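Me: I'd like to learn how to read salt bridges in a protein model. Could you walk me through some?

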Amino acid sequence: MLHWLQEETGGLLTLCAVSIAVLLFLIIKVKLEPFIALLVSGLALALVAGLSVEEIVGTALSSRESVLEKGFGGLLGHIAPIVGLGTILGAILERSGGADVLTRRLLSVAGERGAPLAMGLAGLIFGIPVFFDVGIFVLAPLVYITARRGGRSLVLYAMPLLAGLSMTHAFLPPHPGAVAVAGLLEVPLGWLIIFGLICGIPAFLVAGVAWGAWIGKRIFIEVPDEYVVAEKEKAEKEVKDPEPEPSLTLVGLIIAVPLVLILLATFSTVWWEDSPLLPTLTFLGNPVVALTIAVLLAMYLLGIRRGIGTAELSDLAARSLRPIGMILLVIGGGAFFGAVVSATGVGKALATTMSDAGLPVIVLAYLIACGLRIAQGSATVAIVTTGGIVAPLVKAEDYSDPHIALIAIAISAGSIIASHVNDGGFWIISRYFNMSVRDTIKTWTVLETILSIVGFAMAAVLSTFI
């Protein structure tokens, strides 16, 4: 029996399925922190699969070559500075009032009829540097005021905003899920940005604009008086103690700088392979360097030059980084779980089975991510676990970087499907937009499902040509 589990294809696949079931049981039933659950299930899989103690944790003198240390450290060394710098950049943009400037300008250009689309574009643009929930906290008051002035349902304005924030959070760097899956599959972030936009924007238009317009006319949610009163009090305080607003051009420039530098570095290896500029572009376009440049620009142009002291900026950076500790631990735990899957031979067994069944890797990746997301609610856990399982399959094939990027998009798309009561974001949206559980399911859960399916469909179609 033990030989069958450790050596035969059927046994290895059974072992993988059981370890995932244990992971879900620990998260859902035992209510264990996902990081600890990933660690426990990964260690259990390694032991039962027959890896030696030295392979798993190293020796008492050195653990440098162990699956535990290499699994955690390899990915975290790649993503931790990117996620940290992206978080600080988003915090400075939020503190400077950049979101208000962006949204008001879009609303003034779009007019009353185009206000839902303007809210969606605000979510799409501001969602690049800030976390999903932070985007809601900052932009929701502007949705309240717009809905009250228009005299229409809060849903009509909230859905496009949420679609923009969710799409960027799932598909684009520097968000943790996108950076993590790029690290696990070893694909340059430039390709992920390109295909994240190509697959994500149509998904945003269908889910946020088309679905948002349709459901917004059928479910009427009023803006509670206390929501608008709180925003009026905030506006009055700002009038008494005014602070100069940044220009829209400046906000857009700071958001664009790291994306442009990363893209230039990615494509210069193809376009300017023999150019003397290649080393410079490669250096500036390294994600850590590019984000460092953007953060320094934001600190000076949005902070110091506008009267925000260095002490306040330092405190702002420290406060913004506190929430990401557990996110990074979950990603590290998922990377360790994936390293165990690779070391035990489960990945090869899965590749053989898939080949026999004729199932493309991109479809398998999407289905695994969907199952994990629906079962336990966390998009991050779904991404890092799926990435760990699929990584050996991707490495076994001779895929191009663009094709691997599309597989990464498929995983990200699966990780956001069907947000429901086991997802913390579900309750944030229910609370901030005055919706019952039933209405949140009919609006937000369906929106996320459409976003997921359209995003995956775009990736799957493109993968047949690349």
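Me: Which side chain does Glu 186 meet in a salt bridge?

Reply: Happy to help, and keep in mind that this model is predicted. The general idea is to look for a side-chain nitrogen of Lys or Arg within 4 Å of a carboxyl oxygen of Asp or Glu. Here, Glu 186 pairs with Lys 395, at 3.7 Å from N to O.

Me: Where do Glu 186 and Lys 395 lie?

Reply: Glu 186 sits in the loop between helix H10 (176-185) and helix H11 (189-216), while Lys 395 belongs to helix H20 (residues 379-396), so their salt bridge ties together parts that are 209 residues apart in sequence. Both Glu 186 and Lys 395 are exposed.

Me: What about a pair within one helix, such as Asp 315 and Arg 319 in helix H16?

Reply: Those two side chains form a salt bridge at 2.8 Å, N to O. Asp 315 and Arg 319 are 4 residues apart in helix H16 (residues 310-321), about one turn of the helix. Asp 315 is partly exposed, with a relative accessible area of 37%, and Arg 319 is partly exposed too, at 40%.

Me: Are Asp 423 and Arg 373 buried or exposed?

Reply: Both are buried, and their side chains meet in a salt bridge at 3.2 Å, N to O. This pair links distant parts of the chain, 50 residues apart: Asp 423 is in the loop between helix H21 (401-414) and helix H22 (424-432), and Arg 373 is in helix H19 (residues 361-376).

Me: Which residues are linked with Arg 373 in a network of salt bridges?

Reply: Asp 423 and Glu 448 join Arg 373 in that network. Across the whole structure, a search finds 5 salt bridges.

Note on methods:
Residues are numbered from 1 along each chain as its sequence is written. This is a predicted model: local features need pLDDT of at least 70, side-chain atom pairs count only at pLDDT 80 or more; totals for chains, interfaces and linings use all residues. Side-chain values use heavy atoms; hydrogens and water are left out. Helices (H or I, at least four residues) and strands (E, at least two) are DSSP runs, numbered from the N terminus. Buried means under 20% relative accessible area, exposed over 50%, partly exposed in between (1.4 Å probe, protein chains only).
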